[in-house]
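Please follow this structure with the coordinates open beside the text, since each paragraph takes up one region and stays with it before moving on. The discussion goes from the packing of helices to individual residues in loops.

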Amino acid sequence: MKKVVLFKSLSEDYKKAFSDHNYEAIFVEPLEFVFINLQELSEKLQQNDYDGIILTSPRAIEAVSKCWSPSKFVIWNTKRVYTVGEASSRKIKQLLGLDALGETSGSAENLAKVMSSENAVSSKFLYPCGNLRSEILPNVLQGAGITIDALTVYETKENEHLRESLIDLNNNINPCCMVFFSPSGCEYIYRQLQTFNNKLSILPHFAIGNSTAHKIENLGVEIAGVAAKPKAESVIESVQLYFRTLEACS
């Protein structure tokens, strides 16, 4: 069974999906997260002047859940909740009990287009996010006249065990390819790969989306494939297409 490195936290969905296609998923989390400004977030969630909330990352959803109370924040049952993927949509339902829109958008850029078409000029959205957030979503929405109240609710740091995990991958695992899930993860991984001789750098690199793919390319590495949507099945399709094409050309 071929081994695929997924630079993300353990996910049963991904583990099962890859196993079903005869791949063993090896999970390596390159990031650590620290939650901040939760008191301010709680206060903003009690304000009634927002038309909705944008939750584009699992950590943002977790931050909201840490100060969430269904009875306390009942006003959100009638407001719009936007996200970018099916996994995030499920997490919002599981942790907050809310139904999300935009789950098939697949990227921040596409979500911004959806929101611009569905919301009036002068609409106002709360946007809990990380310290390394992309500016694509706020810029497009603000250009459409939609007000974004961005609040940093978590900080992203390098996992302190990342280097030893990469050395173990290189010396003992022998994977066939690697899948990257965030621009910041790419940066931390490549910073560590430069500190020791390795075979990992020449493996096929896949990305969960366009922003991650651009980051990999900016690091001077060729992209083997980009998932059409941020979900396990799309990642597998990208991996399988690459290796099928490789076999056909050999």
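In this predicted model, helix α2, which covers residues 38-45, and helix α3, which covers residues 58-66, have axes that come within 9 Å and cross at roughly 75°. Angles of 65 to 115 degrees count as roughly perpendicular, and α2 and α3 are therefore roughly perpendicular to each other. On the α2 side the residues that meet the partner helix are L38, L41 and L45, while α3 contributes A63, V64 and K66. Sorted by class, this contact of α2 with α3 holds five nonpolar residues, one charged residue and no polar ones.

Helix α3 also packs with α4, and here the axes lie 10 Å apart at an angle of about 10°. That angle makes α3 roughly parallel to α4, because angles under 35 degrees are counted in that way. The residues of α3 that take part are P58, I61, E62, V64 and S65, and they meet S88, K91, I92, L95 and L96 of α4. By class, the contact of α3 with α4 has six nonpolar, two polar and two charged residues. V64 of α3 appears in the contact with α2 and also in the contact with α4.

Just before α4 in the chain, T83 is found in the loop that runs between β5 (80-82) and α4 (86-96). Is T83 buried or exposed? With a relative accessibility of 0%, T83 counts as buried, since the cut-off for that label is under 20%. A polar atom of the T83 side chain lies 2.8 Å from the backbone oxygen of L55. When residues up to four places away in sequence are not counted, T83 touches L55, T56, S88, S89, I92, A100, L101, G102, E103, S105 and L111. Among these neighbours, S88 and I92 are also residues of α4 that meet α3.

Another buried loop residue is N119, which lies between α5 (108-118) and β6 (124-130) and has a relative accessible area of 12%. Which groups does the side chain of N119 reach? It makes a polar contact of 3.1 Å with the side chain of Y82, and the N119 side chain also reaches the backbone oxygen of M115 at 2.9 Å. Leaving out residues up to four places away in sequence, N119 touches R80, Y82, F125 and I146.

The last of those neighbours, I146, sits in the loop between α6 (136-143) and β7 (147-158), and at 2% relative accessibility I146 counts as buried. The C-alpha atoms of I146 and A120 are separated by 7.5 Å, although the two residues are 26 places apart along the chain. Apart from its neighbours within four places in sequence, I146 is in contact with M115, S116, N119, A120, S123, F125 and L141.

Helix α6 itself contains V140, which at 34% relative accessibility counts as partly exposed. V140 touches A112 and S116, again without counting residues up to four places away in sequence, and S116 is also one of the residues in contact with I146. The C-alpha atoms of V140 and N110, 30 residues apart along the chain, are separated by 10.0 Å.

Two loop residues deserve a look at their backbone angles. N37, in the loop between β3 (31-35) and α2, has a phi near 55°, which is a positive value in a residue other than glycine, and at 37% relative accessibility N37 counts as partly exposed. S122, in the loop between α5 and β6, likewise is not a glycine and has a positive phi of about 85°; at 59% relative accessibility S122 counts as exposed.

The final element to consider is helix α10, formed by residues 232-249. At 1.5 Å a residue, its 18 residues should span 26 Å, and the end C-alpha atoms of α10 are 26 Å apart, which agrees with that expectation. The buried residues of α10 are A232, S234, V235, I236, S238, V239 and F243. What covers these buried residues includes the strands β1 (2-7), β2 (23-27), β8 (177-180), β9 (205-207) and β10 (225-226), together with helix α1 (12-20).

Methods. Residues are numbered from 1 along each chain as its sequence is written. This is a predicted model: local features need pLDDT of at least 70, side-chain atom pairs count only at pLDDT 80 or more; totals for chains, interfaces and linings use all residues. Side-chain values use heavy atoms; hydrogens and water are left out. Axes are lines fitted to C-alpha atoms, for helices over the stretch in contact, and angles run from 0 to 180 degrees between N-to-C directions. Helices (H or I, at least four residues) and strands (E, at least two) are DSSP runs, numbered from the N terminus. Angles under 35 degrees count as roughly parallel, over 145 as roughly antiparallel, 65 to 115 as roughly perpendicular and the rest as oblique. Contact means heavy atoms within 4.5 Å. Ala, Val, Leu, Ile, Met, Phe, Trp, Tyr, Cys and Pro count as nonpolar, Asp, Glu, Lys and Arg as charged, and the others, Gly among them, as polar. Buried means under 20% relative accessible area, exposed over 50%, partly exposed in between (1.4 Å probe, protein chains only). A polar contact is a pair of N or O atoms within 3.5 Å; within protein, one must be able to donate a hydrogen and the other to accept it, and residues adjacent in sequence count only if both atoms are side-chain atoms. The expected span of a helix is 1.5 Å times one less than its number of residues.
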